[in-house]
Each structure stands twice: as structure tokens, then as C-alpha cells.
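I opened a fresh page to go through this structure piece by piece. My plan is to begin with one strand contact and work outwards from there.

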Amino acid sequence: APVATDLVEDLVKPYPVKVKRKRAKHITVNDPDEIPPIEANVRSTPGIITTRGCCYAGCKGVVLGPITDVIHIVHGPIGCSYYAWMTRRNQADVPESEQDFLKYCFSTDMTTNEIVFGGEKKLAQAVREAYEIFHPKAIDIFSTCPVGLIGDDVHAVAREARKELKIPVFAFSCEGYKGVSQSAGHHIANNGLFKNVVGTEELPAEAKTNPFRVNMLGEYNIGGDAFEIERLLNACGIQLVATFSGNAQLAELAHSQDANLNLIQCHRSINYMATMMETKYGIPWLKVNFIGAEATAKTLRKIARYFGDDELTARVEIVIAEELAKVEPVRQAVRARVEGRPVMLFVGGSRSHHYQSLFRDMGMPVVTAGYEFAHRDDYEGYQVASTIKVDADSRNIEELTVEADPEHYRARKSPEELERLKASVDIADYKGMMPEMAKGAMVVDDISHHELEQLIETYHPALVCSGIKDKYVVEKMGIPCKQLHNYDYGGPYAGFRGAVNFYQEIDRMVNSPVWGFIPTPWEKQSA
Amino acid sequence: MLSQTPTKVSQRSALRINPAKTCQPIGAMYAASGIHNCLPYSHGSQGCCSYHRSHLTRHFKEPFMAATSSFTEGASVFGGQPNLLQGLRTAFAAYDPDVIAVNTTCLSETIGDDIPQIIGEAESSGIIPEGKFVIHANTPSYDGSHVTGFSNMCVSMVKYFATRIEDSSEASAPQLNIVPGFVDPADMREIRRLAESVGFTVTMFPDTAGVLDAPQTGSFQMYPDGGVTVDELRNLGRGVKTLALGPFASAEAALQLDKIAGVPHEVLDLPVGIAATDRFIGALNALGAAIPDEITTQRGQLVDLMCDVQQHFYNKKVAIFGDPDHVLSLTEFCRDLGMIPVHILTGTPGKAFGRKATEILGDKADQTNIEGEQDLFLLHQLIKNQPVDLLVGTSYGKYIARAEDIPFVRFGWPILDRFGHALIPSLGYAGAIQLISKMSDALLDRRDRDSTEWQFELVL
């Protein structure tokens with residue numbers, strides 16, 4: 001293994017002096033016993049080739065886009081809407097009686113005329129046309145870069161449309177330049193959903209008989225992950241009220257305040273919602289991980305402990321036993337073929353952590369990992385959250401002031417019960433990625449192309465996990481690259497069935513015959 | 001599939017649904033990648049750059065490298081000069097390109113960043129290393145489409161590098177400049193092959209062959225071997241002529257080169273299909289080059305195929321959508337195959353589309369829905385009202401094809417859900433053969449699927 005501190009030097013070597021200094025703070029050598037601080041959630045260096053996207057992508061592309069029965073109108077030139085059109089694989093199985101707009105792309109397709117004279121009229125007209133053609137339950141509006149600059153008041157347009165059309169119409173000021181990454185968009189989306197949707201409907205009485213009612217927060221059903229999670233919850237007798245926001249319809253989110261526990265899969269994108277719902281409605285939250293067989297079993301047990309019901313606990317154990325019996329033979333077979341081979345993980349804001357459990361299952365060490373846009377708490381753990389200073393680039397992202405709802409607040413557990421539970425269930429806590437990583441592993445935030453290339457040369461990994469922009473870069477080096485955003489069009493990878501899919505997929509990639517053809521026979525001969 | 005789309009067409013003046021275009025910068029990015037040792041660079045917030053790279057990668061299944069100014073809110077208000085200067089400094093230091101090709105986005109265009117002034121600042125403060133270049137194209141996303149962006153970056157290549165050159169004594173064979181249009185690397189190879197086989201030295205700009213179809217060698221090359229070189233761009237003035245293939249994508253650059261360097265130009269249709277390829281070869285012939293037998297033979301093979309297959313195409317109704325240069329030439333080819341183009345549609349603005357389509361379809365033009373600056377939602381509605389036997393267009397067409405159960409052929413850009421297309425030409429006679437093969441496969445697969453058992457034939 002390389003000497004890690006020298007490696008930091010090496011990684012920043014070609015940069016101009018100031019960039020060197022800045023980037024070095026984003027690269028750290030892990031020590032799970034004494035977590036070193038890492039710089040995160042600050043602006044990317046211009047010209048460095050970041051993989052990050054923008055606030056709009058985080059808001060529309062990630063959080064709101066998956067909601068199937070709302071018309072999402074993007075106010076801007078055509079690109080923003082076009083590129084977020086079916087490119088994230090948030091699947092949905094919509095009943096035929098319900099509307100499904102997932103395969104549609106709606107835009108005001110701004111032209112020079114609107115840039116010069118303002119786009120509010122065109123936006124209002126677009127909302128009207130969307131209503132007349134489709135009669136949707138709701139319409140939401142997303143601002144893009146130029147909208148904030150020319151001063152279009154999208155919220156005023158939404159207010160007017162709401163009056164005129166008598167359906168919910170709400171807007172998001174998620175201009176691409178806000179914050180420093182997709183992360184700002186998550187926050188803006190959370191705020192908008194919380195203000196405009198959550199708590200606007202009541203869960204019907206007949207749906208309130210099961211006390212084990214949960215919401216899945218931060219689960220976008222990529223490749224059918226949420227379907228697998230729902231299958232497992234059903235098998236255990238746990239009622240899923242709403243998923244934010246994979247395979248979601250607006251009504252589910254609207255009555256999600258009637259759940260008794262919030263489960264957070266993607267901490268980064270949805271933790272705001274969890275804490276706001278806790279304050280306003282009294283719903284505790286639990287960080288879970290449905291990625292990996294062991295992790296899924298642990299998650300189900302945590303949920304059972306939270307509810308503290310013997311029957312539920314027994315059912316959960318039966319489900320785990322049945323499922324693990326199917327997983328184990330595949331895991332063993334694959335493990336024998338991949339064990340000990342190093343892996344690198346660079347994904348958005350949560351998967352770089354979650355997938356480490358799957359690689360542990362297979363005995364593949366994670367030598368380096370990092371996020372595009374996570375914050376320090378996702379790296380180091382929830383305890384640092386309160387110490388993080390919001391810098392100038394993110395200061396304008398609104399923080400909602402939330403108070404207990406005088407009518408609807410209902411403490412799900414007494415303070416004493418919660419305190420007692422905390423000994424065995426980490427309620428309202430997230431440990432972060434670094435405590436789970438090996439001592440000496442490299443952690444790199446907002447990795448640049450240069451740093452990625454250098455790390456690959458250093459570690460010679462058997463596999464790199466990243467996204468579409470990196471995939472073919474890595475594969476040109478003769479190393480398979482697993483896309484952990486879109487799963488290379490496979491999946492699900494969540495839950496027990498997902499674990500089996502993933503083991504088999506990694507086995508296929510790492511041991512594929514194709515890599516053997518890269519050196520030509522005549523090169524092999526002369527070597 | 002797409003079950004919310006009503007059959008009734010209603011007037012829309014503001015809402016765009018399922019566009020048949022995207023925005024300018026991605027076209028400029030693609031064009032810039034056709035310069036050797038060039039790093040495309042997006043002056044805007046980083047989301048654009050990320051989206052463009054992802055999208056190009058999904059089409060080519062290749063790395064697409066590009067840098068961005070990563071605007072923050074502060075830069076968006078006070079201007080992006082510091083970002084661009086820092087971006088250039090960092091990109092040259094870390095990635096050592098010969099050329100950085102800057103394009104803009106709706107953000108930097110709306111705030112009015114003066115790119116030439118900033119590049120001047122970079123020059124005078126020593127940010128641009130000796131022998132390296134920074135070029136730029138203004139590519140406001142709220143004007144035109146990705147095709148416009150491609151065209152704008154081609155124009156910039158001319159503006160930054162071309163000069164008038166009187167002495168052409170160095171050339172061993174006459175130099176022909178070709179602007180190939182927004183087409184795949186394989187198409188650029190095919191165009192070059194044709195022009196070289198009649199005896200020209202070809203300067204093609206941009207040229208993504210070798211860049212976006214680079215071989216697997218086990219080592220990543222940030223700047224692959226292909227691309228037009230700066231030296232070639234500086235010598236564009238030596239050309240005896242510039243051929244612009246596809247008026248929407250290429251005409252402006254050829255015109256600009258004519259103005260700056262005095263190289264006469266001719267705008268041709270994108271050589272898709274037989275007639276447009278004939279005109280391209282004809283233009284080469286008109287420059288005094290003899291047409292070699294291999295080209296004549298290949299054309300003969302194509303005509304032979306057209307005769308063999310005509311019964312399967314005759315009077316078949318087809319809908320075609322995509323970029324205007326592609327759609328127009330394919331419409332002509334479908335006409336020549338005896339098909340009836342019922343709907344043709346592009347998302348790119350420009351009155352020339354309707355004019356040109358009417359000219360191609362002649363007295364049958366009024367039987368065709370010719371839709372310029374329109375979208376796939378309308379196309380779907382039109383198809384519901386007037387069904388077709390075949391749909392040809394980009395990957396986005398697969399949803400309409402599934403909803404209406406129409407045989408579907410992928411053609412144009414982007415193709416996101418199939419492999420190998422960027423390695424196989426759809427231009428020239430070879431490309432026409434390829435297109436016939438794909439279109440007749442689609443029609444005959446459908447006939448096989450739908451025929452009764454007693455009509456299910458071995459030989460067709």
C-alpha cells in the first residue's frame with residue numbers, strides 16, 4: 001500500500017499553488033478511531049474537471065422528478081429540462097387509473113425574447129396549457145440559471161395559477177448557480193415539499209390500523225430498489241405510508257405525517273425533511289441502510305426494536321432467515337471469485353458509504369472512497385453537523401423555522417422511551433462513512449479527474465464504482481467501472497434480492513473474459 | 001406508454017413537451033472535441049457541463065472530457081471573469097491541452113460576460129502558456145438548438161485560426177476543406193474516405209474520428225489521436241474549396257472561411273441517401289477529380305439493393321424526426337425509396353426547414369405534415385391521427401413506437417440505448433446501404449411478427 005501522506009502530495013502536485021492548498025483539505029487519510037476532519041460542501045475549483053452537477057439537478061432531477069402524478073414544468077431554456085428527461089432511473093409502477101408523467105418532459109423553452117422582456121407571462125401560459133391538456137392533480141415549477149438573473153417571480157406566477165386553476169401549483173427557486181452542487185437543490189426541494197405538500201391530507205382511517213407505519217425517506221427507486229424494500233416491509237408486516245420520492249404519488253407525501261417512524265436511506269438528500277417532520281409532527285427518524293444483505297437484516301431488526309413488538313420482531317427474524325438462506329450460497333460462490341480485490345467508490349452523496357457493506361459481504365476491501373457533494377456529517381458523522389459553518393456560497397439557501405404543530409404534533413415515544421431506545425437503536429443519528437472505512441484508506445471529497453486517474457494508478461483497483469462520466473475513462477484503462485448512480489441499467493441492488501443481483505454483477509464485471517483481449521496477441525508474443 | 005397524450009391536437013404557445021432538440025452548448029462541446037488536443041470548456045455553472053458530458057457519453061459510450069467555470073451565486077451576480085481565469089490556469093496546469101475551447105451557457109450569456117476581453121486578460125497575465133490557445137464561441141442556450149451551438153463553434157475555429165494564404169505550392173494534392181456537420185465519427189471517416197479516394201488532401205473540421213471512437217488499449221488517453229490540428233486549421237486558407245455538409249450545422253463556418261480566407265464554398269445537403277450523396281460526389285467531380293471505380297461500384301451496389309427491396313418500401317408511410325440536416329436528407333431518401341413521408345419534424349428553429357422540405361417533396365408536399373421548431377408530443381399526436389408504418393429518429397422515438405406499436409429505426413443524434421452506431425456510417429453510399437438494411441429489417445421483422453402462421457414466409 002502507498003504511504004498515504006505522500007499520496008496527498010502527489011494528488012495535488014500539478015495544481016496551481018492556491019488550488020493545491022485548497023484541494024489538500026478535501027483529501028484525508030482515514031482513521032476510524034479518531035476521525036480526521038475533511039473539507040466538504042464548498043465550491044468546486046473552476047477548470048479542475050469536477051463530476052458535480054447543479055442545484056436544479058438536485059431539486060428537480062433528484063427529489064421532485066420521481067413524483068409521477070405531478071407535472072414538473074422547468075422554467076428555462078430547453079437543456080435543463082431535456083437532460084433530466086428519463087436519465088435518472090427512478091422507476092414507477094403507476095396504477096392504470098392514475099396519471100403518470102414520468103416519461104414526459106415539460107419546459108417553457110425560453111427564448112431570447114423572454115430573457116429580454118421576462119418570462120413570467122410565458123410561464124403562466126405554460127401552466128395554463130399543461131392544465132388544459134392534462135388536468136393534473138398538481139403542477140410544480142423549477143427555476144433554472146437565467147430565471148433568477150432576469151428577476152422572474154416564479155412564486156407569484158404559481159400563486160396566481162393556484163387561484164385560477166384551483167389545484168396546487170408551487171415553485172422552486174433552484175437556479176443552477178445556487179449553493180455549490182446538487183446538495184443545495186435537495187435542501188430547496190425538502191423545504192418546498194414540507195411547506196406545500198406534507199400534512200395537507202390525512203391518512204384515511206382504514207389505513208391507520210397498523211401501528212407499524214413508516215415512511216422511506218431518500219429512496220428514489222433506481223432500478224426498482226424501492227420495490228424490493230416495499231416487498232420486505234410488507235413481508236414483515238410493516239406498513240409503508242410514503243416513499244420520498246421513488247414510485248411516489250403526491251397524495252402519499254401529503255399524508256406522510258401520519259407515519260410513526262421515518263426511515264432515512266439517503267441521509268444527504270432528505271435529512272432536512274426528517275428533522276422538520278420530527279419537530280412539527282413528533283415523528284422520530286432512523287438512519288437505515290437497505291444496501292447489502294447484512295445491512296438489510298440489521299435495518300429490519302432496528303425497525304423491530306424501535307416498535308418493540310414481539311410479534312413483529314418474530315416476523316422480522318423469519319423473513320431475515322428465509323431471505324438470507326437464498327442469499328448465502330450466491331454470496332459464498334461469488335466471494336470465492338472476488339475476495340481480496342480492491343475497490344474504489346466515488347458516488348454522489350450516500351452510495352459511496354452504503355455500498356461498502358455489499359463489498360464487505362464479498363470480502364473486497366474499499367481502498368478509497370468519496371462523495372461528490374456530501375457534507376461533513378455524511379463523512380464524519382451527525383455529531384459534527386452542529387459545528388459546520390455555512391460558508392458564503394451556501395448562505396442563501398433558506399433554513400425553515402419549524403415549530404411543533406399545535407394540532408397535529410403527536411409524540412410517538414415519550415422522552416424516556418426514546419432515551420432508553422437509544423442504547424440499542426441509533427435514533428436521530430448517522431455515523432457517517434469514515435467510521436466504517438479501514439484505517440489508512442483515502443477519503444477524497446469532490447474528486448477531480450486528475451485525482452481519480454492518479455488514485456487508479458496508485459491502487460490498481462479491480463473495480464471502480466462511479467458514474468457515467470467516469471465509466472469509460474476507467475474502462476479505457478482496462479478496469480471495469482460499475483455505475484452506482486444508474487446501476488448500468490440493472491438492479492435492483494437494495495434488499496436481499498438486490499444483494500444477489502449485485503454479487504452476480506460484480507462477479508460478471510471483474511471476471512469477464514473481455515478484459516483479456518486488450519493486449520494484442522502480437523504484443524503478448526513479444527512480451 | 002405515454003398514455004396521457006390525447007389524440008386531439010390543441011394549440012400551444014408556451015408549453016414545450018418532449019422536445020426534439022436540446023440546447024446550444026452541447027453542440028459546441030461536441031465540435032470542440034473534434035480539435036486535436038483540445039479541452040472543451042463550459043463557462044457557466046457546472047450543471048450544464050456535467051449534463052453535456054453525460055449525454056455525449058451516453059451516445060458514444062466513450063469518455064467525454066470537459067471543464068467548467070463552476071459559477072457560484074456570487075459570480076452569477078458580479079461576473080464570471082475570476083472563475084474563467086482560474087479555470088484556464090487550473091486546466092492548463094492539470095490537463096495540458098493545446099487548445100481550450102470555451103463555450104457559454106444561458107447563465108454567462110444573460111449576465112453578459114465579455115469572453116474575448118477575459119481571454120485577452122488571460123493572455124496578458126500569462127495564464128495561457130506559450131504555444132497554447134484559448135478560443136471561444138458564444139452559445140446562448142435560449143437561441144436555436146444544439147445544432148446552432150455546433151455551428152457556432154465551427155465558425156470560431158475559422159475565426160481564431162484561418163487566414164488568407166495565397167501560396168499553395170506546399171500542397172502535394174489539392175486541399176479540400178470539409179465541414180462534416182453534426183454527425184458521428186464513422187460518418188466523418190466515410191466522408192474523408194470518399195473525398196480522399198478522388199484525390200484530395202482533406203482538412204475536415206471538426207473531426208471526431210479517432211476521438212470519440214478511440215480503441216481500447218488498456219490506457220486512457222485524455223486527448224486521443226484524432227481531431228483536426230491547430231496547424232491544419234491555420235492552413236484552411238490553402239483550400240481550393242470548402243464543402244459545408246448540412247446547411248444548419250455547417251454553412252456558417254464555410255461562409256466565414258470564404259470571407260476571411262477567400263476560400264470559395266459550397267453548401268450541400270448532408271449526404272444521407274442516394275441523391276444527396278450523388279450531389280456530394282458530383283461536387284467533388286466538379287472540382288476536376290475523376291470518380292474512381294470503387295465509388296461507382298459502391299453506388300451500383302446501393303442502386304441494386306434499392307431495386308431488390310423496393311416492393312417492401314413502396315407506399316410505406318414513414319415519420320421522421322431529428323436534427324434538420326438529417327431529417328431533410330432522410331426525407332429525400334425515403335421519397336426515393338418510394339415511401340410516403342407523412343410527418344417530418346425537427347425541434348431546431350429555422351424557416352429553411354419548411355422551405356427545403358417542400359422543395360424535396362414537390363407536388364406531394366401538401367400531403368406531408370412538415371413541422372419545424374416542434375416537439376415529440378405533437379409528433380405523437382400527429383401519428384395518432386395519421387398512423388405510419390415506420391418511425392425513424394433518435395432514441396426518444398422508442399416511447400412513441402411502443403405506445404403506437406410502430407416499427408422503429410434509430411437514426412441521428414442521440415442514440416442512447418443501442419451500441420455500435422457511432423462506428424457504422426449512415427452517410428454516403430455505404431451509409432445508405434446500412435440505412436436500407438435497418439429500415440427493411442424493421443419492416444420485415446414486423447411482417448414476421450404479425451403474419452398468420454400460413455402467411456409466415458421463409459423467403460421474403
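**Entry 1: a strand pair across the chains**

I looked up A:Ser107 first and found that this residue stands opposite B:Arg16 in S1(B). A note to self before going on: this is a predicted model. The two residues belong to a pairing between S3(A) and strand S1 (residues 16–17) of chain B, antiparallel and held over 2 bridges. As a reminder for the bench, strands in a sheet pair through backbone hydrogen bonds, in a parallel or an antiparallel way.

**Entry 2: the rest of the interface**

Next I asked how many residues of each chain are in contact. I got 75 residues of chain A against 76 residues of chain B. The area buried between the two chains is about 6500 Å², and carbon and sulfur atoms give 64% of that. On the chain A side, A:Tyr82, A:Tyr83 and A:Lys476 lose the most area to chain B, together 13% of what that side buries.

I then turned to the polar side of things. There are 31 residue pairs in polar contact across the interface, with both residues at pLDDT 80 or more. The salt bridge count between chain A and chain B is 3. I looked up one that joins the side chains of A:Lys476 and B:Glu62, with 2.8 Å from N to O.

Which elements of chain A supply at least two residues each to the side that touches chain B? I noted several, including helix H4 (78–83), strand S3 (106–107), helix H6 (120–134) and helix H20 (468–476). H6(A) gives the largest share, 7 residues. Sorted by class, that side of chain A has 40 nonpolar, 22 polar and 13 charged residues.

**Entry 3: a sheet in chain B**

In chain B I traced an open sheet of 4 strands, with the order S3-S2-S4-S5 and parallel pairing. Strand S3 (67–68) and strand S5 (133–137) of chain B each have a single partner strand, so one side of each is left without a neighbour in the sheet. Inside the sheet, strand S2 (residues 38–43) of chain B runs parallel to strand S4 (residues 99–104) of chain B, and 6 bridges join them. I checked one of these partners: B:Tyr41 is matched with B:Val102 in S4(B). Helix H7 (residues 146–161) of chain B packs on this sheet and touches S4 and S5 of chain B, with its direction at about 135° to that of S5(B).

**Entry 4: a sheet in chain A**

In chain A I followed an open sheet of 6 strands in the order S1-S12-S11-S10-S13-S14, with mixed pairing. Its edges are strand S1 (27–29) and strand S14 (481–483) of chain A, each pairing on one side only. From one strand to the next, the twist averages 15°. Strand S11 (residues 366–371) and strand S12 (residues 442–444) of chain A pair in the parallel sense over 2 bridges, and A:Ala369 stands opposite A:Val443 in S12(A). H19(A) lies across S1, S10, S11, S12 and S13 of chain A, at about 165° to S10(A).

**Entry 5: backbone oddments**

Last, I went through the backbone. I found a cis peptide bond from A:Phe244 to A:Ser245, and A:Ser245 sits in strand S7 (residues 239–245) of chain A. Another cis bond runs from B:Trp413 to B:Pro414, with B:Pro414 in the loop between strand S14 (408–410) and helix H17 (428–450) of chain B. A:Tyr489 has a positive phi, near 70°, and lies in the loop between S14 and helix H21 (495–510) of chain A.

Key
Residues numbered from 1 in each chain as written. Chains lettered and ligands numbered in written order. Heavy atoms only, no water. Contact = heavy atoms within 4.5 Å. Buried area = accessible area lost by both parts, 1.4 Å probe. Salt bridge = Lys/Arg side-chain N within 4 Å of Asp/Glu carboxyl O. Polar contact = N/O pair within 3.5 Å; in protein donor to acceptor, adjacent residues only side chain to side chain. Nonpolar A, V, L, I, M, F, W, Y, C, P; charged D, E, K, R; others polar. Pairing = 2+ DSSP bridges. Axes fitted to C-alpha atoms, helices over the stretch in contact; angles between N-to-C directions.
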